[in-house]
Amino acid sequence: VSVDQKHLAEARSGILSILHTIMSSVTLLWSVLHQADISDKPAAASAAATSNINLGSTKKLRQQILELLGPISMNHGAHFMAAIAYVWNERKQVKTPIRNKVIPVASEEQLLLVELVRSVSAMHTETVMQTVKEVLKQPPATAKDKKHISLEVCMLQFFYAYVQRIPVSSLVDSWPSLLVLLKDSMQLGLPAPGQVLNEFILKNPNLESKKDQRELQDVTHKVVEAIGTIAGSSLEPTTWLRRNLEVKASPQIVVDGTNLEADVEDLMLTVMEASSFTPSVYSVHALTLLAEVLAHLLDMVFYSDEKEKVIPLLVNIMHYVAVFNVFFDSAHNAPSYRACIQLLSSLSGYQYTRRAWKKEAFDLFMDHTFFQMDASSVSHWRAIIDHLMTHDKTTFRDLMTRVAVAQSSSLSLFTNRDAELEQRAMLLKRLAFTIYSSEVDQYQKYLPDIQERLVESLRLPQVPILHAQVFLFFRVLLLRMSPQHLTSLWPTMITELVQVFLLMEQELTADEDISRTSGPSVAGLETTYSGGNGFSTSYNSQRWLNLYLSACKFLDLALALPPESLPQYRWAFIPEASDDSGLEVRRQGTHQREFKPYVVRLVKLLRKRAKKNPEEDCSTKTIPWEPGHLMLTLYVIRSMEQLLPFFNLLSQVFNSKASCRTGPVYSHNPTDSSFTGSKEGHKLESQKVFWSRARQNIEEMVEKDFLEGLIKT
């Protein structure tokens, strides 16, 4: 039939303009055929893939679909792939699970789309790459709604899923086309090319040709540089004269959200509507991608004798990391901060990178806001500090020296005393976090020096802010040093715990209107905690309460650990089953009073005070007890009465007539009768497994005590 070429062109143009809706229908049918084959799988006929549905044989229907798409993909490749990208976005999961990956996990329907493209005979791997490049370079005009996420993003997401599912041989054979595609896609300002490159490296770590390997290194350098630029695009100069950077006060898209694509779309629309507002919506994506793949990518692409090439690249990226971390306390920068810490943690595992991040990491560690991090960043920081200190002992010695110098300098009348004491406490806390981030006994040879630093801190009287950190350090040592190495430290730990309990007892027994000019004798012992200078500081101040809580947490941890971790000093603090708690007995013809454990004495005094202050009465509150678990889970207290449930529980659990001398917490066999109060599951666990799990729970609780933000809230 003779047809006017003008009319033919119009018809062709009209069909191409609605090709995305045609592809949507075709892929829907393709998924129906897939479901039909799955449902008929048990049947013998499925072996020949000839299941029947209302429209006919699935095998014939598949063939007809491919016959339809083959000529379109050959003659109008760009329009075909653009339509695929449109359908890809249409088939995304409506409710995506919470994730922490830059590119969302493809849905089943999206993966079927990948299989459909792979089934089209004309779409070889190299053809797909060239066509994707064409779409990215000049997307064809489609009837696509502008409110959808960009076509380029969808195209790259599809291509990433495609690369994951093709054979390694096809990928290697198409390396020249992939190289061109990566170079062109870098101009888009999107992080996705980095993910595609990483997938190639995972599948094919080595290229045989040296020329190809050099090209791979070159494109890797450029891709990483481009992603670094995207990451830094949410920074701006502080002033036009200075090169210092700060974080723009603009929204950031969180990578681990459930509506990430919708968030990006909304923000893009805002940008289009208000041209003056131009944040980089992919900044956090870029940082997260670097955290996920950069360390391994560079390690695989650059051989051992070429590692020096990556240092300048890492130095530039570390500059951005330092800026994001300095401004991490601002709410809009929190997502970038978390991504940066993850990046720093991943890089710290590779020794050759240390020169690039060592200074920035140590500076951030010593910053006064360091412990204001959120709980999700602690594990990353523990890895960073461990790698920093383990492989570079000079850094650890530098920290020890700073602590020693701060302690040796006398408190001057002309300086702010509180500021100096806070500085000492800050350094001690960082030293404790360093030990906490290590393996057991890793710093055992430094224990004498550490003990000396702790004793020096305790010599200053009436410094609760410093002494509270000492008790936190004691807890860290219980977890990170073998019991035999702590023998020399136990007398100090016990003495200081006694002194704090004496202070608590003095406060509870003293009348409110007494000025307390001297320390009274308690249970025949004279307190020297104040250095004999009297108590000029109010006990009820928050710092003293923090000290009381810290000391109680130390006792709590000591009682929760296995029996071999604690010497037999507990009789001084808690009652035993055979203890009559102070009943008079006749000895050699005289009346003497048995020693009352501190818990018993403090419980009685706290109950009396609670009755006088009904609004703060905690006597009816109970806390759960379980072997191998910490009882005290508070991070801050506003009054001493809040400790009453803890002391109540101690006096009840350890004074139980059913408990033997070893007590349930100290039982060597978790399956024996002393575990009657524990869960049934514990009875079946071996001792090793039980204490391993218990230790993990304990360490999670101790970890949170480092976080200042958690304490404030």
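Guide: A charge sits over a ring if NZ of Lys or CZ of Arg is within 6 Å of the ring centre and within 35 degrees of the ring normal. Please keep in mind that the model we are touring is predicted.

Visitor: How do you know that the charged end of R480 sits over the ring of Y436?

Guide: The distance to the ring centre is 4.9 Å, and the limit is 6 Å, so the distance condition holds. R62 offers another example, with its charged end over the ring of W30, 5.1 Å from the centre.

Visitor: Which aromatic cluster does Y436 belong to?

Guide: Y436 shares one aromatic cluster with F365, F370, F371, W381, F433 and F706. Across the whole structure, 25 aromatic pairs are found.

Visitor: What makes F365 and F370 an edge-to-face pair?

Guide: Their ring centres are 5.0 Å apart and their planes stand at 85°. Pairing needs centres within 6.5 Å, and edge-to-face needs planes over 60 degrees apart, so both conditions are met. F365 and F370 are both buried.

Visitor: Why is the pair of F370 and F433 called edge-to-face?

Guide: Its planes are 75° apart and its centres 5.8 Å apart; with the cut-offs at over 60 degrees and within 6.5 Å, the name therefore fits. F370 lies in the loop between α16 (354–366) and α17 (378–390), while F433 is in helix α19 (residues 417–436), so this pair ties together parts that are 63 residues apart in sequence.

Visitor: How do you know whether F370 is buried or exposed?

Guide: Buried means under 20% relative accessible area. F370 has 3% and F433 has 1%, so both count as buried.

Visitor: Let's turn to charges. What makes the contact of E215 and K211 a salt bridge?

Guide: The N to O distance is 3.0 Å, and a salt bridge needs a Lys or Arg side-chain nitrogen within 4 Å of a carboxyl oxygen of Asp or Glu, so this one qualifies. The two residues are four apart in helix α11 (residues 210–231), which means a separation of about one helical turn. E215 is partly exposed at 23%, and K211 is partly exposed at 47%.

Visitor: Why does R453 count as buried, and what is E452?

Guide: R453 has 12% relative accessibility, under the 20% cut-off, so it is buried. E452 has 42%, between 20% and 50%, so it is partly exposed. The closest N and O atoms of their salt bridge are 3.6 Å apart.

Visitor: What do D705 and K553 tie together?

Guide: Their side chains meet in a salt bridge of 2.7 Å, N to O. D705 lies in the loop between α27 (687–704) and α28 (708–712) and K553 in helix α23 (residues 542–560), so the bridge ties together parts that are 152 residues apart in sequence. Both residues are buried.

Visitor: Which residues are joined into one network by salt bridges that share partners?

Guide: Those are E90, R91 and E109. The structure holds 22 salt bridges.

Visitor: Lastly, what makes L8 partly exposed?

Guide: Its relative accessible area is 35%, and the range for partly exposed runs between 20% and 50%, so the term applies. L8 is found in helix α1 (residues 5–17). Together with V1 and V3, L8 forms a nonpolar surface patch of about 330 Å² accessible area.

Methods:
Residues numbered from 1 in each chain as written. Predicted model: local features only at pLDDT ≥ 70, side-chain atom pairs only at ≥ 80, totals over all residues. Heavy atoms only, no water. Patch = residues over 30% accessible without salt bridge, like charges linked within 9 Å, V, L, I, M, F, W, Y side chains within 5 Å. Areas by Shrake-Rupley, 256 points an atom, 1.4 Å probe, with all protein chains shown as cover. Buried < 20%, exposed > 50% of the residue type's maximum accessible area, 1.4 Å probe, protein only. Phe/Tyr/Trp six-rings, centres within 6.5 Å; stacked < 30°, edge-to-face > 60°.
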